[in-house]
Amino acid sequence: MISFHTQYLKGFVNEEDIKKISPAVAKAHADLHGKKGKGSEFIGWLELPSQIQKNFLKELQSLAAQIQQHCDCLVSIGIGGSYLGIRAAMEFLGHASKIPVYYAGHNISSDYLYNLFETLKGKRPGVVVISKSGTTTEPAIAFRAVKKFLEAQCGPSELTKRIICVTDSKKGALRQIADKGGYRSFVIPDDVGGRFSVLTPVGLVPLALAGVDVQSLVEGAQKGQQEYKEADLNKNNCYRYAAIRNILYRKGKKIEVFSSFYPQAHYVGEWLKQLFGESEGKNGKGIFPASMIFSTDLHSMGQQMQEGERNIFETFIAMDKPQHDVLIPHEADNLDGFNYVADKSFDFVNKKAYEATAAAHFEGGVPNMTIGLCQADVFHLGHLFYFFEKAVAISGYLLGVNPFDQPGVEAYKKKMFALLCPPSFRSVP
Ligand code: PA5
C-alpha cells in the first residue's frame, strides 16, 4: 500500500482550493486517457504495466541466468531516462542484486571511466548499453571505451556473449551497431519517452540481469495503474498530489523538495528530479525539483529549509518498515548520555526524527506531504514509479505544458557539437 498524508498542508491548501481545481483535474484525466492532450503520442507508459507479457519476463529470467553464469558483474551504460530509473531501483533495493552493477555513459569524466576500468580489472563484466535515440554522446563514447576494454580483457569472440543493447527497433546508430555486431538486443517502444521508460526494457533488462525480481516490480506498477485510474481526485491520491502541487505553485511555492530519511531513496530523488524537471520546466514555468536525504542534509540544508525564503514545499518519501532494523546498544557507563534510546531500534529514532522534521518545517512555513510505502520492497517501488509517472502527467497538464517533450535539452548539445566538430564532419547528428 502507498499512503498519502496531508496534515501539514493546513492553512496552505484548503478544501475550497481542491474543489476549485477539480474540474481542471477531470479535464487533465480525460485528455490523458482520451489521448487528446499535448504530447499524447508519448503516453505508452500509461497502460504499459498491464501490457507486459509474462513470457517476456520469463525470457529475461533465463537470459539473467546465462549472464550471471558467464559474468561476475554488470556495466549499465546510459544517461537520463536510460540510467536513473535503473540506478534508483538498484540503490533502493540494496542487496537485491546477485551481481554488482556499475554505471557508465552518465557523464563524460575521464577520471570516472579510468577508475571504473581499474575496478573492472580481472573481472568478467556483462554490458547493457541503453539509448532510445541511439545517438546520445555520453553513452555512445562510453560504449566505445567499454567495448575496447572488454575486447582487450577477453578477446573479440566473447563480445556477443557479453553485450546486450536496448534501443529503438529501427532508428539510431545503436540499432546498427547491435545488428552489425550480432549483439542480443531489446526494443524500446516508440511511444514511451526516456524518463517514463523504467518499466520498458530500459529498466527491466538490466534489473533482471542483475537479479532483481522484475515480476514484482511490474506487479507493483500494475497495482498503481489500477489504483490511480479514477478521475475523481477525492478517490485518487495520485491526482490529489498533482492538484496540491499546482495549488501550492500558484500560491508562490516554486520549489519542491523531495525528502527522505532513507538513504536508499537517494536515487529515487534523482529520478524524480529528472521526471519533474524535464516534464514541467518549460515555457518559463515549472516547479523546481530538488531532493534531500535526511538526517544527513538536516545538518547542511536544514537551516535553509527551516528559515530561508518561504518559496518551498516538501514531499517526504517514507517507509513504514525498513528492509532491516538494527538496535542501539546499551552502555554501562552511559558517557554520551544516550542510554534513554538504548535497545530501541535505529528505525524508531529515524521515524521520530522524520515526525519532528515534518512538524518543524510546517511550523517554519514549509507545507509538506508524505507519500508512505508500507514496505521498502520491489513491489512498492513499482507502485511508486507509476504513482509519480501519472502524477507528473496530470501536474504538467494542470500547468499547461506538454509533459512529454524536452526541447530545452537540445540547446547545450548544439553548442557542444559546434565546439567539437563542424557539422560537415559529423556522421551522427
Ligand atoms: O527523458 C529523456 O528523454 C532523456 O533524459 C533521455 O532519456 C536521455 O537524454 C537519454 O536519451 P537516449 O536514451 O536517447 O540516449
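**Sheets, cores and salt bridges**

Me: What makes you say that helix α6 (residues 137-154) lies across β2, β3, β4 and β5?
Reply: In this predicted model, α6 is in contact with β2 (73-77), β3, β4 (125-131) and β5, and it runs at about 160° to β4. Contact here takes heavy atoms within 4.5 Å, so that is the test behind the wording.

Me: Which strands does helix α8 lie across?
Reply: Helix α8 (residues 173-181) lies across β4, β5 and β6, with a direction about 145° from that of β5.

Me: How are those strands ordered, and what is the pairing?
Reply: The order is β3-β2-β4-β5-β6, five strands in an open sheet with parallel pairing.

Me: Why are β3 and β6 said to stand at the edges?
Reply: Because β3 (101-104) and β6 (184-187) each have a single partner strand, one side of each is left without a neighbour in the sheet. On average, neighbouring strands of the sheet are turned by 20° against each other, direction ignored.

Me: How do you know that β5 and β6 pair?
Reply: Pairing asks for at least two bridges, and four of them join β5 (residues 163-167) to β6, so the pair qualifies. The two strands run parallel, and Val166 stands opposite Phe186 in β6.

Me: What about the sheet with β7 and β8, and what is its strand order?
Reply: That one is open too, with five strands in the order β1-β10-β9-β7-β8 and mixed pairing. Its edge strands are β1 (2-5) and β8, each pairing on one side only. The twist from one strand to the next averages 20°. Helix α15 packs on the sheet, touching β1, β7, β9 (312-319) and β10 (368-373), and its direction makes about 145° with that of β10.

Me: How many bridges link β7 and β8?
Reply: Six, between β7 (residues 255-260) and β8 (residues 288-293), in the parallel sense. Glu256 stands opposite Pro289, and Ser260 opposite Ile293.

Me: Which residues touch the most other members of the largest nonpolar core?
Reply: Leu32, Trp45, Leu204, Leu209, Tyr241, Trp271 and Phe388, out of 109 residues. Helix α15 (residues 378-399) gives the most to this core, with 14 residues. Beyond four places in sequence, Phe388 is in contact with residues including Tyr241, Phe258, Trp271 and Ile317. Another core, of 21 residues, lies apart from it, and Ile77, Leu113, Val127 and Ile163 are among its members.

Me: Why is the contact between Lys171 and Asp168 called a salt bridge?
Reply: The cut-off is 4 Å from nitrogen to carboxyl oxygen, and this pair comes in at 3.6 Å, so it counts.

Me: Lys171 and Asp168: which one is buried and which one is exposed?
Reply: Asp168 has a relative accessible area of 3%, and buried means under 20%, so Asp168 is buried. Lys171 has 55%, and exposed means over 50%, so Lys171 is exposed.

Me: What makes Glu118 partly exposed?
Reply: Its relative accessibility is 36%, which lies between the 20% and 50% limits, so the middle label applies. Glu118 meets Lys121 in a salt bridge at 2.7 Å.

Me: Where do Glu158 and Arg162 stand, buried or exposed?
Reply: Both are buried, and their side chains meet in a salt bridge at 3.0 Å.

Conventions. Residues are numbered from 1 along each chain as its sequence is written. This is a predicted model: local features need pLDDT of at least 70, side-chain atom pairs count only at pLDDT 80 or more; totals for chains, interfaces and linings use all residues. Side-chain values use heavy atoms; hydrogens and water are left out. Helices (H or I, at least four residues) and strands (E, at least two) are DSSP runs, numbered from the N terminus. Axes are lines fitted to C-alpha atoms, for helices over the stretch in contact, and angles run from 0 to 180 degrees between N-to-C directions. A nonpolar core is a set of buried Ala, Val, Leu, Ile, Met, Phe, Trp, Tyr and Cys residues joined through side-chain atoms within 4.5 Å. Buried means under 20% relative accessible area, exposed over 50%, partly exposed in between (1.4 Å probe, protein chains only).
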